[in-house]
Amino acid sequence: MAYRGFELEYLVLNMVVLFQSNASSGMGVAEHSKFTYLELQRKKVHRYVIFKIDEKKREVVVEKTGGPTESYEDFTASLPENDCRYAVYDFDFVTSENCQKSKIFFIAWSPAISRIRAKMLYATSKDRFRRELEGIHYEIQATDPTEMDLEVLRDRTH
C-alpha cells in the first residue's frame with residue numbers, strides 16, 4: 001500500500017503522539033489489582049492473575065484469577081490469542097536439593113497478531129504497572145506461546 005508523503009508523515013506523527021502521551025503517564029493501577037496480586041503473593045489464594053488495560057478507566061484491572069489447583073495449561077488457555085495482557089504466575093518447583101520452592105513470574109503477553117495500538121499501549125504502561133508489584137522474581141515478554149512455555153519457566157528457575 002503506497003502512502004503519499006504527507007499521509008505517511010501524519011500517520012507517524014499520530015503514532016508518536018500516542019506513544020509519548022502513554023509513555024509519560026502510563027495507565028493507573030486499580031487498587032483491586034494490587035490487592036489481588038498481594039493475595040497471590042502472600043496468601044497463595046491464586047495460582048495466577050491476568051490483568052488487562054481498561055481504556056475507559058485508564059487503569060490496569062483484574063480480568064481473571066486462577067485458583068491454587070489450576071495448572072499452567074489452564075493459565076495459558078486463559079490468555080487471549082489475539083490481544084495483549086499482563087499476568088503473574090506463581091510457579092512451584094522442586095530444587096536439585098529436593099526443596100519445595102515458589103517463584104513469581106510477571107508475563108507481558110503481546111501476541112504478534114494483536115493490534116499495533118494495543119501493543120503500544122501495553123508496552124508503554126508496563127514499567128509503571130510492574131513497579132507496583134513488589135516481589136516479582138522473573139519477567140517474561142512473550143509474543144507467542146513458545147516464548148512462555150513451561151520449560152522456559154523451569155529453565156529460568158534452575
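Helices (H or I, at least four residues) and strands (E, at least two) are DSSP runs, numbered from the N terminus. The model here is predicted, so local features need pLDDT of at least 70 and side-chain atom pairs count only at pLDDT 80 or more, while totals for chains, interfaces and linings use all residues. Residues are numbered from 1 along each chain as its sequence is written, and side-chain values use heavy atoms, with hydrogens and water left out.

**Exercise 1. How many helices and strands are there in the protein, and in what order do they run?**

Step 1: Count the elements: there are 5 helices and 6 strands.
Step 2: Read them off from the N terminus, and you get α-β-α-β-β-α-β-β-α-β-α.

**Exercise 2. Work out which residues line the largest pocket, and which element gives the most.**

Step 1: Get the term straight. On a 1 Å grid over the protein atoms alone, a pocket is an open set of points where a 1.4 Å probe fits, with protein on both sides within 12 Å along at least five of seven lines; lining residues have an atom within 4 Å of a point.
Step 2: List the lining: K52, I53, E55, N82, D83, R85, R115, A118, L121 and Y122.
Step 3: Sort it by element. β2 (48–54) and α4 (116–132) are the ones that give two or more residues, and α4 gives the most, with 3.
Step 4: Add the volume, about 170 Å³, where a volume is the space filled by probe spheres set on the points, and grid points are joined across faces, edges and corners.

**Exercise 3. Check the span of helix α2 against 1.5 Å a residue, then find where its buried residues sit.**

Step 1: The expected span is 1.5 Å times one less than the number of residues. For the 13 residues of α2 (residues 31–43) that comes to 18 Å; the end C-alpha atoms are 17 Å apart, which agrees.
Step 2: Pick out the buried residues (under 20% relative accessible area; exposed is over 50%, partly exposed in between, with a 1.4 Å probe and protein chains only). In α2 these are S33, T36, Y37, E39 and L40.
Step 3: Look down the axis of α2: the buried residues fall within an arc of 150°, so they line one face of the helix. The arc is that of the directions from the helix axis to the C-beta atoms.
Step 4: Flip to the face turned away from the buried side, and you'll find the exposed residues E31, R42 and K43.
Step 5: See what covers the buried residues of α2: β1 (28–29), β2, β3 (59–66), β4 (85–94) and β5 (100–109) are included.

**Exercise 4. Do the same for helix α5: which residues are buried, and what covers them?**

Step 1: In α5 (residues 150–157), the buried ones are L150, L153 and T157.
Step 2: They cover an arc of only 60° around the axis, which puts them on the same side of α5.
Step 3: Their cover includes α3 (72–78), β4, β5 and β6 (138–142).

**Exercise 5. Where do K44 and R58 lie, and what is odd about the phi of each?**

Step 1: Recall the background: most residues other than glycine have a negative phi.
Step 2: Take K44, in the loop between α2 and β2. K44 has a positive phi of about 60° although it is not a glycine, and at 38% relative accessibility it counts as partly exposed.
Step 3: Now R58, in the loop between β2 and β3. R58 also has a positive phi of about 60° without being a glycine, and R58 is partly exposed at 40%.

Conventions: Contact = heavy atoms within 4.5 Å.
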